[in-house]
Structure formats: structure tokens, C-alpha cells
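User: Got a model here that I'd like to go over with you, mainly the empty spaces and the ligand. Can you take me through it?

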Amino acid sequence: MRNMAEPATPSKTPQQADLMVVGASEIVTASGTQALGGKALDRVHILRDAALVVAGERIVAIGPEREIQSQWQATRTLDAGGGVVIPGLVDAHTHPVFLGTREGEFEDRLRGKTYLEIAQAGGGILSSLRGVRESSQAELVQALLIRMDRFLALGTTTVEAKSGYGLSVADEIKSLEAIREANARHPVDLVPTFLGAHDFPPEFRSDHAGYVELLCREMLPEVARLGLAEYFDVFTEGHVFGIEDSRRLLERARELGFGLRLHADQLTALGGAQLAAEMHAASADHLEHVTPSGMQALGQAGVVPVLCPLVPIFLRQDQEAPGRRMADAGLPIALATDFNPGSCYAMSLFEVLSFGALRYGLMAGEALTAATLNAACSLGRGSSVGTLEVGKLADLVLTDLPNHHHLTYELARSPVQSVIKRGKLVYRAAHVAREGLA
Ligand code: NIG
Ligand code: FE
């Protein structure tokens, strides 16, 4: 990457730009376009007395504030008020296309039922399926727009969005078209994933082979033809799509040009990680039950492990992904919410950063890299977002945190003051009390 301390070319007449961000205590960012693991996971730049300049949608300069001020003139200046500035957060795993919530199941779990018991009794994914099948595309878009407003207010500027609660040709296409429409109408960038292999719909309860056939013959080709998804995802788990079914689906998806993602080793150690490695998937997600050989396979194949530390807490499961061990083994872990109505009704990546620290032992810089650069790379967006560097999109979050350690230290309050997406100020926190750092 370019050396950020290096002064930009000196010139007498200041260059014109659209936006300048000044007054940050620290601008904190990873660098580069490749997902980072091992020691590099914590190699964030902490720029003090620095400013950042935006022209159009992109960052055109970043460096010492005094130099920047003498070299650039911007139409608009934003004062970060002595807070930390970070790249827009990237959520690499969400299921946001649903109508209706499942708080009853949450309470069933408080009474002792497990996620699997609820699913096998006809709840779980199938209860969300009813919601999607009964709703129109316009209703799904409306729900998505509200959710994207909330993501944005929490500092998330890129969201991977899975379908997967329709599970028929028409209902999956409706879900993916809703994602496409919300993407066009909202500043948050959505990355669409076709999760047709989330579960078996009721009409295929006793004909699993028939549904796999439908996916291969009809659904995958149709989604590909319409260009509605960049990725294909499969819930690889004993009670849904086993290793053989998953492999067949992934091979078909790859043949049709989709990037691949897997829900792998979430509830049992089925070998989803090994399959993700064999298929050279972009990501293997969850991994609560990953084995040492699964971890090794992921590392060798360069698959990004997308970890969702809030999920086992929400499901009241003891087993967690070995986040620390993966990072130490050099795996370029990403952190995500897994926002969905069943296993994690939470949208805040700031919360995920804190739980990445508390549950896996990640340092603030490691957690930030995982939820920005590494997440972006898992979505094929490493060269456009995930870091604050010249040439990348100007996606940034101004916080009221005094230093970057507070990214993980502080729990359960949004520190977001302003969000800039593609160079535009798209969110500003309302202040009801005094402004400042405390
Ligand atoms: O990531 N594991 C499968 N899919 C979701 C849960 C979806 C649901 O319960 O609605 C997950 O945990
Ligand atoms: Fe998920």
C-alpha cells in the first residue's frame, strides 16, 4: 500500500475537492486489498492529527492535517470533534429478507428448547418462510429499507444480504429482486447471495432429492440468468443439506458463475469447513464446531472464515468458534452479525467487535480489520472498500470514541456520529444532550 505518512505532492494552488474530514483524534484503518491473518490482523494504522479528503465517491488524500489543509480546498468540511474515524463497517453475513419476527422461539429457548428442536417442530426457518411467501415484493423492500436505515445508523455501509426464506422459484426471485430494489434505493451497498439451500420447503419435506434437483435444474440457472446474486450459499448441516448434497449444489453454482459461501460446522462438526476448502469458497461461516483439520484446510485454500460471535449467545449454546486460534494460525477471519429473525436478531457490528474481543480475545485493531477489510475481501470488495486509502470509496464512520481501544471496550451504545457513504454524508446522529467525549 502507499505510505500514508508520505506527503502528497506539494503544490502552490490548493486542489479542489468535495469534502474534508478534520479534527479526528485518530483515523484508524487496516490497509491493502487482501484479507489479513496472523500478526497482520492487528496491523492497523493509527493516524493522529490527520485529515481525509474526498472527491466524488472516492478518497483522494489522507495525511497530516496541516499538509492536507494547505494542499486541498473542499466545498464542505466535517469536524470529527475529537473522535475516532474508521472505515465504514462491512457485514459479511446477514439474512435481512423476512417479514415477521420470532420472539416466541427466543422465549422457548429461555425455557430450555434448542434451536434444532424448534426447527424440527416446524418453527425456525420454516416460520419465516410463511412470512415471505405471504408478502409482496413491495412489502419486503419496505422492510429492507427500514433495516438498511438501521444498519447505516450503526456505521455499517456494506451488507451481504441472503435470500433463503422463500425456497421456491418465485419466492426466492421475489426476495432477490427485493434486495436489488433496496440496493438501488438505499445508500448502503447490498451484496446479494442466493441461499436457496437454507432448508427444505414444506412441499419437499419427504422429497429432499427432489428439492436438490429443483435447485440444480431450475432455481440456480434462473437466478443466474436474471443476474440476481453474486454468491450462492448452502446450510451444510446434518438435518438439512449434508456433505454430498452440498457438494453437488456448490458444483452446480460454481459452474453457473456464482461465488460460493457455506454455513459450515455451525451446529455439528459435519466437515463443512473441509468442503468449503475443497470448493475454494469465498467464505465458510459460523464454524462453531470446526475441527483442527477443517481449520487447516481453510487456511490452505484461502477461504475467509466469517465468524458470528453473537449467535451462540443468542442460541444459548456453549460451543463457540475458535476465533483466537484461527487468527493465530494465520486465517484471515471476518466478523459478522448474522442478522436474522431466528438465531441472531442483532444488527450492530460495534456490538460484534466487543464480543469478538470478549469471546475470542481479539484486540481492537484485529476486530476492526475483521469487520472491515477481511469482510470486504470475503465479498470480493477488497479493492473498493474496507480501508481508508486513496482510491477506495469514501465510506467512513465518525464516532465519538476517544481512541480506538474503545471500539471493543465500550458495550451497548452506538458511538456513531456521522456516516459518509460513497462520499456523501448520509447519516448524522441527533443530539439530545451535550456534545463531546466522555
Ligand atoms: O445463520 N443457519 C442457518 N441460518 C441462519 C438461521 C436462520 C433462521 O433461523 O432463520 C443462521 O443461523
Ligand atoms: Fe446465517
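**Pockets, cavities and the ligand**

Analyst: Sure. The largest pocket holds about 410 Å³ of space. Keep in mind that this is a predicted model.

User: Which residues are closest to the centre of that largest pocket?

Analyst: Asp400, Gln417, His431, Glu435 and Gly436 are the closest to its centre, out of 20 residues that line the pocket.

User: And which elements give two or more residues to that lining?

Analyst: Two strands do: S16 (396-399) and S17 (416-421). S17 gives the most, with 3 residues.

User: What's the lining of the largest pocket like by class?

Analyst: There are 7 nonpolar, 6 polar and 7 charged residues.

User: OK, switching to closed spaces. How many cavities of 30 Å³ or more does a search of the whole structure find?

Analyst: The search comes up with 3. The largest cavity has a volume of about 90 Å³, and the second largest is about 40 Å³.

User: Start with the largest cavity. Which residues lie nearest its centre?

Analyst: His95, Tyr115, His198, Asn340 and Ser343 lie nearest the centre, and the lining has 13 residues in total. Split by class, that lining is 4 nonpolar, 7 polar and 2 charged.

User: Where does ligand 1 sit, then?

Analyst: Right there: the space ligand 1 takes is the largest cavity.

User: Which residues come nearest to ligand 1?

Analyst: Arg102, Tyr115, Tyr165, Gln266 and Ser343 come nearest, among 15 residues around the ligand. That shell divides into 4 nonpolar, 9 polar and 2 charged residues.

User: What about polar side-chain atoms by the oxygen atoms of ligand 1?

Analyst: Tyr165 has a side-chain N or O atom 2.6 Å from an oxygen atom of ligand 1. His263 also puts a polar side-chain atom 3.1 Å from an oxygen atom of the ligand.

User: And which side chain has a polar atom by a nitrogen atom of ligand 1?

Analyst: That would be Gln266, where the distance between the polar side-chain atom and the ligand nitrogen is 2.8 Å.

User: How much of the accessible area of ligand 1 does the protein cover?

Analyst: The protein covers 100% of it, and ligand 1 on its own has 320 Å².

User: Back to the second largest cavity. What lines it?

Analyst: The lining is Phe350, Glu351, Leu401, His406, Leu407, Glu410, Ala412, Arg413 and Pro415. Helix H13 (349-360) and helix H16 (406-409) are the elements that give two or more residues to it.

User: How do those residues divide by class?

Analyst: For the second largest cavity, the lining comes out as 5 nonpolar, 1 polar and 3 charged.

User: Last one: how does anyone see where empty space is left?

Analyst: You roll a probe the size of a water molecule over the atoms, and that shows where empty space is left.

Definitions and conventions: Residues are numbered from 1 along each chain as its sequence is written. Chains are lettered from A and ligands numbered from 1 in the order in which they are written. This is a predicted model: local features need pLDDT of at least 70, side-chain atom pairs count only at pLDDT 80 or more; totals for chains, interfaces and linings use all residues. Side-chain values use heavy atoms; hydrogens and water are left out. On a 1 Å grid over the protein atoms alone, a cavity is a set of points where a 1.4 Å probe fits but cannot get out, and a pocket is an open set with protein on both sides within 12 Å along at least five of seven lines; lining residues have an atom within 4 Å of a point. Grid points are joined across faces, edges and corners, and a volume is the space filled by probe spheres set on the points. Ala, Val, Leu, Ile, Met, Phe, Trp, Tyr, Cys and Pro count as nonpolar, Asp, Glu, Lys and Arg as charged, and the others, Gly among them, as polar. Helices (H or I, at least four residues) and strands (E, at least two) are DSSP runs, numbered from the N terminus. A residue is near a molecule or strand if one of its heavy atoms lies within 4 Å of it. A polar contact is a pair of N or O atoms within 3.5 Å; within protein, one must be able to donate a hydrogen and the other to accept it, and residues adjacent in sequence count only if both atoms are side-chain atoms. Accessible areas come from the Shrake-Rupley method with a 1.4 Å probe; for residues, only the protein chains shown count as cover. A molecule sits in a cavity or pocket if more than half of its atoms lie within 2 Å of its grid points.
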